Amino acid sequence: MNARLAGLALMLALARAVSAQDFTLTLQPSTLTLIPGQGSSLVVSMTPLNGFTSQVALAVGTLPSGVTAQFVPPTLTLPGTSLLTLDAATNAALGSFTLNISASGGGITNTTSSSVTVNFGLVPTCAGAFTGQVTDAQTGLPVPDAGVS
């Protein structure tokens, strides 16, 4: 009887160990601003827990019009990282959206998210003209026939 109970206890312990396999999924940075006509990247990191050894495939949720996403690599064995590049077309819809990422493998799917804003960055513009005088750095005296225009 004791051998039978010991065998049952071992089977339960093994079942718990197998079901406890998992992995962590993180996304950095947690917020991002995309400028139309440009791209930006996030790092997706995954760490195995309790002996998880399966390959994991990455996917991105629905994106707004004009925004595309690409993982490099799109599938990996843990531990590992993937670079997620988001590109915003020049006519991308402006505004904020939640970027949802899922990672699936070994019968497990984990998700994470980041806040992304598509907005124009600071665009410097110059107008007008300027003139100046060139001076010698050591003496401080004007340099003859040198000017700024």
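Strands S1 (residues 22–28) and S3 (residues 39–49) run antiparallel and are joined by seven bridges. The model is predicted. Beyond this pairing, the points below cover an open sheet of five strands and one aromatic pair.

**Strand S1**
- Within the pairing of S1 and S3, Gln28 has Val43 of S3 as its bridge partner.
- The covered face of S1 consists of Phe23, Leu25 and Leu27.
- Asp22, Thr24, Thr26 and Gln28 make up the uncovered face of S1.

**Aromatic pair**
- One aromatic pair turns up in a search of the whole structure.
- The pair is formed by Phe23 and Phe52 and is tilted, with 5.0 Å centre to centre and 50° between the planes.
- Distant parts of the chain are linked by this pair: Phe23 belongs to strand S1, while Phe52 lies in the loop between S3 and S4, 29 residues apart.
- Both Phe23 and Phe52 are buried.

**Five-stranded sheet**
- The open sheet has the strand order S2-S9-S8-S4-S6, and its pairing is mixed.
- Strands S2 (31–34) and S6 (75–77) are at the edges; each has a single partner strand, so one side of each lacks a neighbour in the sheet.
- From one strand to the next, the twist averages 30°.
- Inside this order, S4 (residues 55–60) and S8 (residues 95–105) run antiparallel and are joined by four bridges.
- Leu58 has Ala103 in S8 as its bridge partner.

Terms used
Residues are numbered from 1 along each chain as its sequence is written. This is a predicted model: local features need pLDDT of at least 70, side-chain atom pairs count only at pLDDT 80 or more; totals for chains, interfaces and linings use all residues. Side-chain values use heavy atoms; hydrogens and water are left out. Two strands pair if DSSP finds at least two bridges between them. Helices (H or I, at least four residues) and strands (E, at least two) are DSSP runs, numbered from the N terminus. Axes are lines fitted to C-alpha atoms, for helices over the stretch in contact, and angles run from 0 to 180 degrees between N-to-C directions. Buried means under 20% relative accessible area, exposed over 50%, partly exposed in between (1.4 Å probe, protein chains only). Rings of Phe, Tyr and Trp (its six-membered ring) pair if their centres lie within 6.5 Å; planes under 30 degrees apart count as stacked, over 60 as edge-to-face and the rest as tilted.
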